[in-house]
Amino acid sequence: MLVHQEKVPAVSRKSWMALAEVQFLGYILATLGPPIFFWTVVRGMSYTSVFLTNTLMFLTMAAIATWYVLGRLRLYAKARLLSYVFPVNFLAFGGILSIIAIFRLTYSASLFTIGMLGALVISYVFVAGNRRSRSVQYVVPGGRVDEMAMDSSFLPAPSLVEMESLVEARRLNGAIIADLHHDHPDEWERLFAKAALNGIPVYHFRQIVELQSGQVIITHLSENSLGSLIPNVPYMATKRVVDVVAALLALPFCLVAFAIIGLVIKLDSRGGVFFIQDRMGFRGQTFRMVKFRTMRDRGPIEDEEERRKDAMTQDGDARVTRVGRLLRKTRLDELPQIFNVLNGEMSWIGPRPEAAELSAWYESELPFYSYRHIVRPGMTGWAQVNQGHVTDLDDVNAKLRYDFYYVKNISLWLDMLIALKTIRIVFGGFGAK
């Protein structure tokens, strides 16, 4: 056995920078060290100054929040953390500054700025370093593991004897991936259990596929696919409170924007300012969704087939006005849905509500389409930030898999990731039609 272990190659390329403890210490040192040095060495001021102690306390809270949020976002698919470093730092330190301003607390603006820059630098260092450091993941053959997108971080599992020696010697610092629904030999099943008992992650291949694609592939609705047919109930209740509070805080600013946008729409084309349409919503109930009008006014359409076609927006749609194109690109046309949020019909984040005619058609063509209505529809969502606007059945089927990923993983952190992606998309116009 000892000889066998010597023949085993290095099993991990995981950098020390990926350790949570190292990152936590790095954030504290990078955030607090420069202000302390500047205050005590450069300026020669006292350690006991209230300006220093208060500022260090505020910086510590912001640094911990930044470290924790970036660490949580790593758990989700398509989380390109490097592009979210600045927004997360801005929100964390900006939030602390807001608290300081509201309660008029004593602090040093210069020290806070120095600490904030230190946190920003260390965030980029850790995120960039971890992108080049990936743990080895051993793939056990059998079943449907070939469905994974393989890259250099995935290696075929060596022989059973070699894997056992690594597990027993606690030298396997990566993870084991297998199709756990496949009928593996008993020896491999025992190895999976032993690895888990030794703290080595053992993943079902579908978890990796979902992490790579950001989609849940559904062939039948079962607890094996989604974990539970009822999403995260405690968070759903909290999410509703956050929706209402955020909408009430944003409403005064939105009313000013409504007046300006409404005037521009009226000057650009004939017709009303708002567009109201029946959409399919929470638990399959239809509601009247309101948004700014971005197309030329159309009269009533009697034919059901024509109403369905009218509900579809195509690439370069000639019905879209000049102002409407800008509103769609920046997503400003969605702002009036704040009233749907307050009314409990929508959330800020969730699956995009479809027109009632389109929803009925999709449900008749796609199995389990109606399950996406288990959560409140949103002004933005996981499918929107990854796929954009779609209407074709094949694209809608892919969109459904994104929606199911959101339902399965719904949490504060996934919502935060979607919000960050949405901010980036607003400035880039991705998916607009």
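**Exercise 1. At what angle do helix H3 (residues 50–73) and helix H4 (residues 85–103) pack, and how far apart are their axes?**

Some ground rules before the solution. This is a predicted model, where local features need pLDDT of at least 70 and side-chain atom pairs count only at pLDDT 80 or more, while totals for chains, interfaces and linings use all residues. Residues are numbered from 1 along each chain as its sequence is written, and side-chain values use heavy atoms, leaving out hydrogens and water.

Step 1: Find the helices, which are DSSP runs of H or I with at least four residues (strands are E runs of at least two), numbered from the N terminus.
Step 2: Fit lines to the C-alpha atoms over the stretch in contact, and take the angle between N-to-C directions, from 0 to 180 degrees. For H3 and H4 this gives about 145°, with the axes 9 Å apart.
Step 3: Check the hand. H3 passes H4 in a right-handed crossing (the near helix is turned clockwise from the far one by less than a right angle; anticlockwise would be left-handed).
Step 4: List who touches whom, with contact meaning heavy atoms within 4.5 Å. The H3 side includes Phe-58, Met-61 and Leu-70, and the H4 side includes Val-88, Phe-93 and Ile-100.

**Exercise 2. Work out how H6 and H7 are oriented to each other.**

Step 1: Helix H6 (residues 160–168) and helix H7 (residues 186–197) pack at about 15°, and their axes are 10 Å apart.
Step 2: Apply the classes: under 35 degrees is roughly parallel, over 145 roughly antiparallel, 65 to 115 roughly perpendicular, and the rest oblique. H6 and H7 are therefore roughly parallel.
Step 3: H6 passes H7 in a left-handed crossing.
Step 4: From H6, Leu-160, Met-163, Glu-164, Val-167 and Glu-168 meet Glu-187, Trp-188, Leu-191, Lys-194 and Ala-195 of H7.

**Exercise 3. Is Ala-30 buried or exposed, and what does it touch?**

Step 1: Ala-30 sits in helix H2 (residues 20–42).
Step 2: The cut-offs are under 20% relative accessible area for buried, over 50% for exposed, and partly exposed in between (1.4 Å probe, protein chains only). Ala-30 comes in at 19%, so it counts as buried.
Step 3: Skip neighbours within four places in sequence, and Ala-30 contacts Gly-118, Ala-119 and Ile-122. The C-alpha atom of Ile-114, 84 residues away along the chain, is 9.7 Å from that of Ala-30.

**Exercise 4. Which residues have the most contacts inside the largest nonpolar core?**

Step 1: A nonpolar core is a set of buried Ala, Val, Leu, Ile, Met, Phe, Trp, Tyr and Cys residues joined through side-chain atoms within 4.5 Å.
Step 2: The largest one has 44 residues, with Trp-382, Tyr-406 and Leu-414 having the most contacts inside it. Helix H16 (residues 393–409) gives the most to this core, seven residues.
Step 3: Beyond four places in sequence, Leu-414 contacts Tyr-76, Trp-382, Tyr-405, Tyr-406 and Asn-409.

**Exercise 5. Find where Arg-104 and Arg-283 lie, and look at their phi values.**

Step 1: Most residues other than glycine have a negative phi.
Step 2: Arg-104 has a positive phi near 50°, and lies in the loop between H4 and helix H5 (109–131). Its relative accessible area is 76%, so Arg-104 is exposed.
Step 3: Arg-283 has a positive phi near 55°, in the loop between strand S5 (274–280) and strand S6 (286–292). At 64%, Arg-283 is exposed.
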